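Here are some brief notes to read alongside the model. They take up one helix pair and then one strand with its partners.

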Amino acid sequence: MQEIKYIIQDELGIHARPAGLLVKKCTEFPCDIRIGKPGKMVDAKRVIGVMGLGMKHGEELCFTFDGADEEKAAIEVETFLSENL
């Protein structure tokens with residue numbers, strides 16, 4: 001299992017557009033990807049779940065990757081986050 005943490009840099013947090021882009025990126029990988037904060041983790045491949053987290057600027061996101069291609073997925077998602085959120 002791989003895990004990454006990321007502090008949201010986007011002033012608007014994770015709203016519809018970035019949530020959709022993030023979900024699209026996560027669906028590229030066969031592994032299970034979960035996203036969340038302490039006490040609430042959701043499937044990163046479901047836009048409603050990601051938006052339901054209500055993540056704001058400055059909050060820390062935690063991602064877990066489990067299964068095939070988890071290392072590649074963690075690297076690519078971390079790159080995506082730094083370029084888009």
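1. Contact here means heavy atoms within 4.5 Å. The model is a predicted one. On that footing, Leu21, Leu22, Lys25 and Cys26 of α1 meet Glu76, Val77, Phe80 and Leu81 of α3. By class, the residues of this contact are 6 nonpolar, 2 charged and no polar.

2. Now the geometry of that pair. Two packed helices are described by the angle and the distance between their axes. Helix α1 covers residues 16–26, and helix α3 covers residues 70–84. Their axes come within 10 Å and cross at roughly 160 degrees. Angles over 145 degrees count as roughly antiparallel, so α1 is roughly antiparallel to α3. The crossing of α1 past α3 is right-handed.

3. Next, strand β4. Is β4 mostly covered or mostly uncovered? The strand spans residues 60–66 and is mostly covered. Of its 7 residues, 5 are buried.

4. Which strands pair with β4? One is β1, residues 2–7, joined to β4 by 6 bridges. The two run antiparallel. Isoleucine 7 stands opposite glutamate 60 of β4, which can be used to find the register on screen.

5. Strand β2, residues 32–37, also pairs with β4. The sense is antiparallel, over 5 bridges. Here arginine 34 stands opposite threonine 64 of β4.

6. To sum up the strands: β4 pairs with β1 through 6 bridges and with β2 through 5. Both pairings are antiparallel.

Note on methods: Residues numbered from 1 in each chain as written. Predicted model: local features only at pLDDT ≥ 70, side-chain atom pairs only at ≥ 80, totals over all residues. Heavy atoms only, no water. Axes fitted to C-alpha atoms, helices over the stretch in contact; angles between N-to-C directions. Helix = DSSP H or I, 4+ residues; strand = E, 2+ residues; numbered from the N terminus. Parallel < 35°, antiparallel > 145°, perpendicular 65-115°, else oblique. Left-handed = near helix turned anticlockwise from the far one by under 90°. Nonpolar A, V, L, I, M, F, W, Y, C, P; charged D, E, K, R; others polar. Buried < 20%, exposed > 50% of the residue type's maximum accessible area, 1.4 Å probe, protein only. Pairing = 2+ DSSP bridges.
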